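Please read the following report on helix packing alongside the sequence and the model shown here.

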Amino acid sequence: MKRRVKKQFWLSPQDARELKRKAKLCGITETAVIRILLHGYEPKEKPDARFYEAMRQLSAIGNNINQLAVKANSLGFIDTPMLKAEALRWHKFQADIEAVFLRPGVNNLKWQ
């Protein structure tokens, strides 16, 4: 979407500091915070390093399962549908973690 309308407005020093603080907590720009709020969502704070480590580990597990599925399918000695189902389960788990930690939620006016 092209952004072709420029808006300028004034904030109190306190509101400006608060907007900057919230943008920093979320790891996004101040403009992105305003856009998210305009669409009725609540920005989420940027997760700590533990989240990214968990995501890296889950990704590695998923890659290993996929490699096993390819090998098992070529050699024909393991239940490939079961292994593929397990891989899908891990990918869903990864997406669920992303949704909890990263995606903005619907605004319930509690964001402070």
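Axes here are lines fitted to C-alpha atoms, for helices over the stretch in contact, and angles run from 0 to 180 degrees between N-to-C directions. This is a predicted model, in which local features need pLDDT of at least 70 and side-chain atom pairs count only at pLDDT 80 or more, while totals for chains, interfaces and linings use all residues. Residues are numbered from 1 along each chain as its sequence is written, and side-chain values use heavy atoms, with hydrogens and water left out.

Helices (H or I, at least four residues) and strands (E, at least two) are DSSP runs, numbered from the N terminus. The axes of helix 1 (residues 13–26) and helix 2 (residues 30–38) come within 8 Å and cross at roughly 90 degrees. The two helices are therefore roughly perpendicular to each other, a label that covers angles of 65 to 115 degrees. Contact means heavy atoms within 4.5 Å, and by that criterion Leu19, Lys20, Lys22 and Ala23 in helix 1 meet Glu30, Val33 and Ile34 in helix 2.

Residues are called buried under 20% relative accessible area, exposed over 50% and partly exposed in between (1.4 Å probe, protein chains only). The expected span used below is 1.5 Å times one less than the number of residues in the helix.

| Helix | Residues in helix | Expected span | Distance between end C-alpha atoms |
|---|---|---|---|
| Helix 1 | 14 residues | 20 Å | 20 Å |
| Helix 4 | 22 residues | 32 Å | 32 Å |

In helix 1, the buried residues are Leu19, Lys22, Ala23 and Cys26. Seen down the helix axis, they fall within an arc of 100 degrees, so they line one face of helix 1, the arc being that of the directions from the axis to the C-beta atoms. The face turned away from this buried side carries the exposed residues Pro13, Gln14, Arg17, Lys20 and Lys24. Just after helix 1, Gly27 takes a positive phi of about 75 degrees.

In helix 4, Thr80, Leu83, Ala87, Gln94 and Ile97 are buried. These residues fall within an arc of 105 degrees, so they too line one face of their helix, and what covers them includes helix 3 (49–75).

The largest nonpolar core (buried Ala, Val, Leu, Ile, Met, Phe, Trp, Tyr and Cys residues joined through side-chain atoms within 4.5 Å) has 5 residues, namely Ile65, Ala69, Ala72, Leu83 and Ala87. Helix 3 and helix 4 each supply at least two residues of this core.

Methods: Angles under 35 degrees count as roughly parallel, over 145 as roughly antiparallel, 65 to 115 as roughly perpendicular and the rest as oblique.
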